[in-house]
Every structure is written in structure tokens, then in C-alpha cells.
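Trainee: Could we go through this model together, and could you tell me what stands behind each term as we go?

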Amino acid sequence: MVALELAAVSKRYGSRTALAEVSLAVPAGSSVGLLGPNGAGKTTALRLLLGFTGPSGGGVLLHGHDPMDPAAREGVGYLPERLVLPGRMSVRRFLRLHGSLAGLTGADRDHEIDEVMELTGIADRARDRLSALSKGLLQRVGFAQAFLGKPRLLLLDEPTSGLDPIGIRDARDWIAGARERGCTVLVSSHILSEVERTCDQIAVLHEGRVVASGPLVQVVGADESLEDAFIRLVRG
Amino acid sequence: MRPSALTQFRTLASEAILDAVRRRIIAAIAVVSLLSLMLVDTCTTCSGGEVVVNGQVRQIAAIAGWTGAVTYAVLGLWSIVLAGVLASEHLAQTLADGSATLALARPVGRGTFAFARLAGSLVIALATGAVLLGGTALFLSARSGLPMRPALMAGVSCAVGAVTLAALAMTASLYLPRIATVMLVFVATGAVTLANLLGMFRDDSGGAMGAIDRFGPPLCTSIALALSPWIDEVRVPGSPLEIAIRHGVWALASIVLLWAVFRRVELRD
């Protein structure tokens, strides 16, 4: 079963082409790393998958639906690259809001909020205002909200941004934990070592096109690292 | 399980109301509203005596309907403008700070989100309008003996006008910077009010102003129509039913426009 699919998708902004006939299918339960240099179209691909924007050509399916349909986004956890959280809210209130939007109610919601706060190491900051948290802690709150509702698909855009080495290792464990629960994971990143450790498949985007995709072991040659392969693919 | 659109609307609208309450402009609105009410209180205490109008000596009590209607209409239009000003940032801000994208990554419809933001700004504007207009109506009724029913009808008319202007301002804010949207709110309300006044006091109101008066949202006309039992001399053009329908259609069309435009807006995080 395919969790998400881009079929010959193009996206143009005026005369600039952000994506050119990109095709990518992510099977349910897999973990895919979307790699590419800055401006390659990774974030645009995620925005298309979430229905934030429509394609100029081709088709996008999320859980078999048009992403513009709210039903497609049921069971999706999303962590944006530029995470700006409402500073006036406490951590718990922010998570309550997103728990409610994810369909959690009452005691179930509070229990799950406690769980994700415990998991992401922010349980002792539940009452703190978001404006009082460091960048690293905010990223942990971002992960916590993405995990609410036990998502079946995680879309993570540069997930380790702002995290210290301990946080990076924790994030790796959280993603591994989600995969063990059967969650599909799509990670957009240009930190190759992270993708190498968390994903079993990769797709490399360059100038709006997929230049390579498939299982990590197939894309990366026997005598090269992922970094070598990445540079080979984007430099041609 | 996906929550119902109504549950999501309630959740998002509650947040939108809290967001509106926290805005710095609210303190200024509260002060201006309080001062306005104090001014109305002072003005309405003077119910006896005589004044000279166009060289004619008249009893103050005899012109209470006029002064009451003008005061009420000005405060009503202020409440409508307030709704537009509050709405001019209430949705656009969530796009700028990324909170819209986080919410819309959930199974939340664009319409649900936009309507919740609209409701958030309207609750504050309508509450302010209710206090202002309700207080004014009570003063006018108790001190000048003006009936309450016209004031109630005019209040409902202001609420419909507030919905129209807020939805249009919110739609414009998706394309314009805030200051331009606020300017547009003032200019549009001013133009419609002027066109409505020309329509009421001149027989040959034509051109652009005539078109605005005949086809635009009857912001001022509908208030004047509701308050007409207080004032005998004013002739409101058009049938009351036509004005009421046009008022309602503008409010509904503005909401539909907001929904249709927001559905197509590109969200960036």
C-alpha cells in the first residue's frame, strides 16, 4: 500500500520551476529520506503533500486522497523546517490545541499529551510559556505535537534543526520508535548522516528533479559513502 | 478519529477569540468605547430647553430623534469599521507566523480555519458594538423617551454590516499589507456611507455614488431605515425588504468570497 505519491508533479512559481515532473511513491511503513541541496524542491514537495499549495501539473495523493481534502491529512504528523510557535501559550496548552485538532478528547488527550511530553523530554516544562523555551526545546515541542494522535505518517522537514547532539540522538530514537509502530516516515534533510541512520530509502532531488531514488544500498555505491554518492548525483 | 468540523471550529474559534483579546489595539478600543459612552451619557442628560436650528427656535426634546439617530448611526458605523480593522490582521497574521500551516497540516478544512478566525475577530467587534449601542439605546430611551425597537433593529443591521466588512477585509488582507487593508476599510466604509447619505438626501444621486448606493452594501441606509421611527423627515430610498435582502446577500457573499479565496491561497511556512 502506498502512503503518499507524487505522479509527474510539476510546480512553477512564475517563470521559476521548483519541481519538474517529479514522481515518487512512498510505501506504507517505510522510511524515506528526501535529500537535496538548498533550493532543490524538498520543502515544495512537502507543501504539495500537505495541500498547502497545488501542483502546476501531475497528481499528488496522500493516503489515497487529494491532499486538499482534510481527510487525507488524518493521521499525519508534521514538523516544519521553520518552526514558529505561539509564544504566549504554555507547552501543555499548545499540545492540547493540536491534540484536539488531531481528534483527541478529554482524558485520552491529556494522557497522550503526558506521553509525548515524557517521550520528548519536556514534561518538566509543561507549564512554561513557549516564548521562554530555547530553540532546542521548541524543536522538542514541535516533535511532541507531530507525535500527537499516534500518526501513521510523519512528514519531517529538517527535523534535527536546532537540536544539540543529545537532542539529535533522541530524535533518531523517536523516529525509530515511530517506525517500529508501523508509521511511515518522510524526512527532508540535507544532513546526510541523519538520513543514513534513520531511513532505508532515499530520493535525491536536484534542481526540481529526482536524480536518484530507491533503497539506500542501491543508490550508494559499494565503495562510496552517502556523501560521495550525493555529490556525484548533484554535480553530475 | 477525525473530529467533526464543528468541534474543530469551536477549538479554533476559542483560540482566535483569545488571540483577538490579547492584541494591543484592544486596550485602545476599550478606552475609545468608554469615552464614547461617557460622551453619550453627558449629551443625553440635556433633554430640556431650546436650541436654534436654521434660525428657528426648537425644543431639544423635539429634535431628540434626530440627535439620537445621528449618534446611534455614528457609533454603529464605528462598530462596523472596528470589525473590519480587527479582521484585517486576524487571518493574515496566522499565515505570517506559521500557525496556520501547523493547524492546516491537521485534518482541518481551509473554510473551518478561515471562519474560526473570522468568528474570533467578530466576537470582539460585536461585543464592543453591543456595549456601545446597547448603552446608547438605554440612555436615549430613558432620557429622551425614544422607543427601543428601532435601536434593536439598527443594532442587528450593524451586526450584518460588521460581518460583511470583516469578511471582505479578511479577504483583502490575504493580498494586501495590513496598513493598506485598514486604509481600505476606512475608505470603503466612508464611500458607502457618503453614497447612502446622498441617496437619502438627494433625488438625483447618479454616477458611481448612485451605483454604490443602489448595489453596494447598505451599511448606512439599513441603519437609517431601522431608526426611521425616530426621524420623520428622512426618506430612505428602496423598499425595506429589498434593503434587508441586499444587506444579507452582501454578508453571505463576503463570507463565500473569503472561503473561495482562502481555499486557493498558497500557504508558506
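**Chains, sheets and helices**

Mentor: Let's start with the two chains: 20 residues of chain A are in contact with 21 residues of chain B. This is a predicted model, where local features need pLDDT of at least 70 and side-chain atom pairs count only at pLDDT 80 or more, while totals for chains, interfaces and linings use all residues. Residues are numbered from 1 along each chain as its sequence is written, and chains are lettered from A and ligands numbered from 1 in the order in which they are written.

Trainee: What makes two residues count as in contact?

Mentor: Their C-beta atoms, placed from the backbone, have to lie within 7 Å. On the chain A side, α2(A) gives the largest share, four residues. Both β5 (76-79) and α2 (91-101) of chain A supply at least two residues each.

Trainee: How do the residues on the side of chain A that touches chain B divide by class?

Mentor: There are 12 nonpolar, four polar and four charged. Ala, Val, Leu, Ile, Met, Phe, Trp, Tyr, Cys and Pro count as nonpolar, Asp, Glu, Lys and Arg as charged, and the others, Gly among them, as polar.

Trainee: On to chain B: why is α1(B) called oblique to α6(B)?

Mentor: Helix α1 (residues 5-22) of chain B and helix α6 (residues 110-144) of chain B pack at about 40°, with axes 7 Å apart. That angle makes α1(B) oblique to α6(B). For the cut-offs, under 35 degrees is roughly parallel, over 145 roughly antiparallel, 65 to 115 roughly perpendicular, and the rest oblique. The axes are lines fitted to C-alpha atoms, for helices over the stretch in contact, and angles run from 0 to 180 degrees between N-to-C directions.

Trainee: Is their crossing left-handed or right-handed?

Mentor: The crossing of α1(B) and α6(B) is right-handed. The term applies if the near helix is turned clockwise from the far one by less than a right angle; anticlockwise would be left-handed. The contact includes Phe9(B) and Leu12(B) from α1(B), and Phe113(B) and Phe115(B) from α6(B). By class, its residues are 14 nonpolar, four polar and two charged.

Trainee: Back to chain A, then. What makes β2 and β4 of chain A edge strands?

Mentor: Each pairs on one side only. The order is β2-β1-β4 in an open, antiparallel sheet of three strands. Pairing needs at least two bridges found by DSSP, and five bridges join strand β1 (residues 2-13) of chain A to β4(A). One pair of bridge partners is Leu6(A) with Val60(A) in β4(A). Helix α1 (residues 42-49) of chain A packs on this sheet, touching β1, β2 and β4 of chain A.

Trainee: And why is the pairing of β5(A) with β6(A) called parallel?

Mentor: The two strands run parallel, joined by four bridges. Val76(A) has Leu153(A) as its bridge partner in β6(A). They belong to an open sheet of six strands, β5-β6-β7-β3-β8-β9 (chain A), where the pairing is mixed. Helix α4 (residues 135-147) of chain A lies across β5 and β6 of chain A, at about 165° to β5(A).

Trainee: How do you know where the domains of chain A begin and end?

Mentor: The bounds come from an automatic or database domain assignment. It gives domain 1 (2-75 + 151-235) and domain 2 (86-150). Their centres, taken over C-alpha atoms, are 25 Å apart.
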